[in-house]
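Biologist: Please choose a single part of this model and give me a close look at it, covering which of its residues are hidden, what they pack against, and how the chain around that part is arranged.

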Amino acid sequence: MGLANSLVARAWWESFHFRCNTILTDDDGLIFGAIFEHQLQQPGPAGARHHHHPSSSALPPRYIVAFRGTVSRHFKHSDMQLNLKIMTNKHHDSGRYSRAREQVGRLLDSTTGSGAMVWLAGHSLGASIALDVGRHVMEKRRRGLPTFLFNPPHVSLAPVINKLRVGEEAKRDLYVTSFMVKAALAKTVRRSHEKSMSELFEKLAPWVPEIYVHERDFVCQGFIDYFEQRQKMLERSRILRPVAEVAMKMSFRDMLISLHSSANAENGEEEPRVRPHLLPSARLWKTSSEGYPHGIRQWWQPDSRLNLRSRQYIYHGP
């Protein structure tokens, strides 16, 4: 027995001086994440690889809260249900999301100093949870937690448009039209919704999550189109810039639902959640490496193989 134990390799996070502090489980007892606590207030071991690290600080965080993606053996049960809720934007009040927000809230209450004491990370379904927690903390506590999202899901028509191989000119015209319609609706029949979204963007603007996407991954392609197309609109002309500044905050789905829910809001019911991809600021990391585009293992490759390209998008207000 002693020999068997001695042959078991140490957990990989121990080489970076972290220990697993807390296991996060949902109502079904399934593990969906973990909290790792740093043991030494010094940089990682000599020779440790720090891939495309966006932080300028050499000190590690006190805690890292990590959330897993979909596990195949749970795909027909809890994970699948959550994936469907993400598609309909009804995941915010699910058990895992609520529990994650509570756990991170306790961590923040127990720590002093900047938000950099706690980092968030997640892949796929887990990235959706990390994004939800990060948005919540920034909106409610005004603390921007360093957040690392790998292959986060984004429900949009972008993968369909890309699959049809629409020409660049036609694609440009499509997005220009879409932006103009959104802006027109926002400034007329949906002025109240546009006002609330402007206030939300002002709150979230200082927070810059790190979003890692693969260009061939249909699950997260929408993030590429969202940020790149809005930037093109902002830079295209003085006429289109005000249109983009309004349209980037809006989605047709949210405007339709908010119209339907206006009467409910008057009765004291909570406004529906906005689409999580509507982010004022972010740093987008893109790769087109070979292999499974939605897999987490691709991000373990060295930078030379990933060939990452990044751009930071910052919201400066209207």
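Modeller: What follows is a close look at helix H2 (residues 78-87), with its setting in the chain.

The model is predicted, so local features are reported only at pLDDT of at least 70 and side-chain atom pairs only at pLDDT 80 or more, whereas totals for chains, interfaces and linings use all residues. Residues are numbered from 1 along each chain as its sequence is written, and side-chain values use heavy atoms, with hydrogens and water left out.

The chain has eleven helices and eight strands, where helices (H or I, at least four residues) and strands (E, at least two) are DSSP runs numbered from the N terminus. Of its 318 residues, 47% are buried, a term that stands for under 20% relative accessible area, with exposed over 50% and partly exposed in between, for a 1.4 Å probe and protein chains only. Among contacts (heavy atoms within 4.5 Å) in the chain between residues at least 6 apart in sequence, 75% join residues at least 24 apart.

Within H2, the buried residues are Ser78, Asp79, Leu82, Asn83 and Ile86. Viewed down the axis of H2, these residues fall within an arc of 135°, so they line one face of the helix; the arc is that of the directions from the helix axis to the C-beta atoms. That buried set packs against two other helices, H3 (95-110) and H4 (125-141). On the face turned away from the buried side, H2 carries the exposed residues Gln81 and Met87. After the helix comes Asn89, whose phi is positive, near 60°.

Ser78 also leads to another part of the chain, since leaving aside neighbours within four places in sequence, Asp26 is in contact with Ser78 as well as with Phe32, Arg96 and Arg99. Asp26 sits in the loop between strand S1 (18-25) and strand S2 (31-38), and with a relative accessible area of 8% it is buried. Its side chain has a polar atom 2.9 Å from the backbone nitrogen of Asp28. The picture at this point is therefore of a buried loop residue, Asp26, that touches Ser78, itself one of the buried residues of H2.

The approach to H4, one of the helices that H2 packs against, deserves a look as well. Ser124 lies in the loop between strand S4 (118-123) and H4, and the residue counts as buried at 9% relative accessibility. Phi of Ser124 is near 55°, a positive value in a residue other than glycine.

Further along the chain, Asn151 gives another case of a positive phi in a residue other than glycine, here near 50°. Asn151 is found in the loop between S5 and H5, and at 0% relative accessibility it counts as buried. That loop, which joins strand S5 (147-150) to helix H5 (158-163), also holds Leu157, but Leu157 is exposed, with a relative accessible area of 62%.

For an exposed position elsewhere, Tyr292 lies in the loop between strand S7 (282-287) and helix H11 (303-306) and counts as exposed at 59% relative accessibility. Tyr292 and Asp217 are 75 residues apart in sequence, and their C-alpha atoms are 8.4 Å apart in space.

Methods: A polar contact is a pair of N or O atoms within 3.5 Å; within protein, one must be able to donate a hydrogen and the other to accept it, and residues adjacent in sequence count only if both atoms are side-chain atoms.
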